[in-house]
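Let's walk through this one together, starting with the charges and the overall build and ending at the metal sites. Keep the viewer open as you read.

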Amino acid sequence: MSAAALAPHTDTSVLAPGPDPADAPMAARPRLLIVDDIADNRAVLARRFERRGFEITEADGGHRAIELIAQQAFDLVLLDVMMPDIDGMDVLRRLREHHSAVSLPIIMVTAKSQSEDVVKALELGANDYVTKPVDFAVALARVNTQIGRKRAEEEVRLANEALRKMNEELEERVAERTASLASANDRLRLEIEHRRQSEEKVHYLAHFDALTGLGNRVLLRQQLEEALVRVRRNGGAIGVIFLDLDGFKIVNDTLGHSVGDALLKAVAARLQENVRDTDKTARLGGDEFAVLQSGDSQPRSADALASRLVAVMSEPFFVDGHQLNLSVSAGIAVMLGNDADPEQLLKNADLALYRAKADGRGTFRFFEPEMDALAQARRSMEVELRGALTRREFELHYQPLINLHTRRIAGFEALLRWSNATRGLVSPAQFIPLAEELGFIAPIGEWAIRQACEHAAGWPQDIKVAVNLSPVQFRSPSLVPAIVQALSASGLPPSRLELEITESVLLDDSDRNLAILRQIRDLGVRIAMDDFGTGYSSLSYLRRFHFEKVKIDRSFVSDVAQNAESRAIVRAITGMCNNLGMATTAEGVETAEQLSCIASEGCTEAQGYYFSPPKPFADIGALLARSGQA
Ligand code: C2E
Ligand code: CA
Ligand code: CA
């Protein structure tokens with residue numbers, strides 16, 4: 001290895017050997033401390049090293065050297081062993097206490113003969129030695145070697161330091177990055193979780209009823225489709241049961257929505273207690289519920305379940321300190337074959353429910369194909385009924401009421417007819433329930449009152465007119481004003497107008513309806529109880545309101561001559577009415593035999609085909625003339 005190869009480096013590269021300091025720019029000149037008590041020795045060396053590009057500091061003794069080294073940084077110390085103030089070996093020992101051989105290379109200058117000095121110096125940590133008289137070439141080579149090594153080591157150290165720092169930074173950055181990735185990851189996970197939750201919520205809201213926690217119509221529809229797929233594959237049958245609470249509206253209206261809601265929850269709970277795990281329950285809205293039943297023993301199991309549900313729902317509910325008694329109506333549609341359309345099945349259950357409700361509370365009905373036909377007929381009738389009033393398609397027919405003491409006409413009952421271009425004359429039994437359901441009954445009924453008053457105003461003074469009132473009309477705020485208006489417009493004295501109501505008026509919302517009845521009677525209008533003996537037919541109703549008249553239902557009159565029970569009922573009603581000072585009218589008298597029976601039981605009035613069927617207004621004048629009352 002040449003001296004040049006070990007020369008002090010001026011660049012920072014550790015591996016590439018730098019140029020000889022003699023011909024290299026002295027960017028970092030090696031700093032040499034020459035320690036010798038003899039000035040000439042120092043001067044010779046200093047001059048020669050300076051020429052080689054070294055920066056020289058001289059020290060004339062050991063103490064001075066130690067002092068300088070404490071103040072400044074040197075690349076190398078040339079240290080004479082033999083000095084008077086302090087021995088070079090001592091200086092070396094002291095220096096090594098603070099400076100390692102790497103950080104401060106020290107070359108000892110010894111006498112040629114003193115080889116034990118060399119050994120000792122090396123033991124004390126000298127890097128190398130030169131002998132006196134100094135051969136400059138040897139000294140330069142050794143100095144360069146030491147400085148080269150020091151610089152190389154320094155660069156390695158620096159490089160290592162830089163590397164370490166870089167590593168540290170890198171680690172820090174990696175840690176930072178990892179942390180930010182982790183937090184991004186956390187955020188993402190959180191977001192995914194939120195999204196999952198909100199999707200779950202959306203899914204829940206879309207498929208479940210928030211109040212009861214049961215499935216909703218959408219879910220039921222899906223479950224039905226899935227069940228149909230299973231049945232097509234594996235066979236079996238499906239039953240759909242629709243349930244509707246009877247009387248829920250009254251609870252909601254009278255006790256408030258929170259009780260209503262609590263009741264719906266209780267119904268839902270009772271519903272779930274009474275179905276099997278494999279049955280699906282749903283709340284379809286309002287007070288309508290459904291059960292989807294699969295299995296293969298249909299229609300038997302739907303029949304059993306529906307009758308159980310009807311039974312358990314009629315047991316009282318205890319809600320918010322109230323004991324609530326309701327009943328439930330149920331409609332059942334069963335699918336046995338493979339060709340079922342889910343929509344049709346749901347529709348059929350609905351139709352069956354409609355029928356069950358129409359047939360009375362607390363019952364259930366299976367779907368029958370006629371129901372569908374009926375429903376279609378209803379729909380088309382609905383369309384035509386909507387415009388019937390404005391098209392002036394309604395007319396009133398009149399049936400005489402005969403006073404059984406005088407055998408003269410006491411008045412006429414107005415009976416509504418719908419004369420439709422395609423349907424001909426439609427019976428009120430067909431269209432009045434529909435008009436009630438669709439909310440048309442109020443305007444139609446008010447028209448009938450106006451029309452009847454107008455007609456009757458032209459009849460003799462002692463002839464009354466009776467008009468039927470639908471219970472639904474009691475919900476209309478225009479009922480009483482319409483009566484007042486009809487009377488004043490026609491000029492008919494109020495005592496000649498009689499309004500016929502049915503028991504159901506006293507059944508639903510009876511306090512309110514009783515108040516309306518009193519308002520009407522205060523006008524001077526007479527009020528008759530119609531169809532008495534049907535429905536709830538409680539004689540106690542007759543005590544709640546003083547009716548002017550009670551009309552005994554046709555069903556009792558038709559067999560009064562043959563059936564002892566009917567006759568007993570007629571007798572009870574007339575007896576009670578006579579005691580209460582109410583008149584009684586026997587409806588549907590068709591034969592002389594019936595007439596004599598009801599007359600002997602004390603009925604005060606009769607009506608029926610035996611006297612006359614209902615007739616158009618145009619025929620009334622002739623009818624009155626024939627009985628000598630025109
Ligand atoms: P309702 O009030 O009981 O009327 C008596 C019904 O019995 C009438 O049927 C009448 O034609 C029928 N009738 C009378 N005598 C006999 C008889 O001897 N034998 C038989 N078999 N039937 C007889 P209509 O006219 O078909 O009316 C049916 C129901 O429609 C009425 O029953 C009444 O509840 C309702 N209604 C009729 N007009 C109106 C109206 O203007 N408003 C309201 N809300 N309902 C009405
Ligand atoms: Ca009537
Ligand atoms: Ca009647």
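**Charges, build and calcium sites**

The chain carries 72 positive and 89 negative side chains, and the centres of these two sets are 4 Å apart. For that count, Lys and Arg are positive and Asp and Glu negative, with His and the chain ends not counted; each charge is placed at NZ of Lys, CZ of Arg, CG of Asp or CD of Glu.

A word on the ground rules: this is a predicted model, where local features need pLDDT of at least 70 and side-chain atom pairs count only at pLDDT 80 or more, while totals for chains, interfaces and linings use all residues. Residues are numbered from 1 along each chain as its sequence is written, chains are lettered from A and ligands numbered from 1 in the order in which they are written, and side-chain values use heavy atoms, leaving out hydrogens and water.

Now zoom out. You'll find 21 helices and 22 strands in the chain (DSSP runs numbered from the N terminus: H or I of at least four residues for helices, E of at least two for strands). The radius of gyration is 59 Å, well over the 25 Å that the globule rule gives for 630 residues, so the chain is more spread out than a compact globule. That radius is taken over C-alpha atoms, and the rule is 2.2 Å times the number of residues to the power 0.38. Along its principal axes, the C-alpha trace spans about 180 × 60 × 50 Å. Of the 630 residues, 43% count as buried, meaning under 20% relative accessible area, with exposed over 50% and partly exposed in between (1.4 Å probe, protein chains only).

Next, zoom in on the calcium ion (ligand 2). Its protein donors are Glu 413 (OE), Asn 468 (OD1), Glu 500 (OE) and Asp 530 (OD), at 2.1 to 2.3 Å. Donors here are N, O and S atoms within 2.8 Å of the metal (3.2 Å for Na, K and Ca), and with water not among the atoms, sites may look incomplete. Glu 413 is buried at 4% relative accessibility, whereas Asn 468 is partly exposed at 28%.

Which residue bridges the calcium ion (ligand 2) and the calcium ion (ligand 3)? Asp 530 does, and the two ions lie 3.8 Å apart. For ligand 3, the protein donors are Asp 530 (OD), Asp 531 (OD) and Glu 587 (OE), the last listed twice, at 1.9 to 2.7 Å. Asp 530 sits in strand E18 (residues 526–532), and Glu 587 lies 57 residues away in the loop between strand E20 (583–586) and helix H20 (592–600). Asp 530 is buried at 6%, and Glu 587 is buried at 9%.
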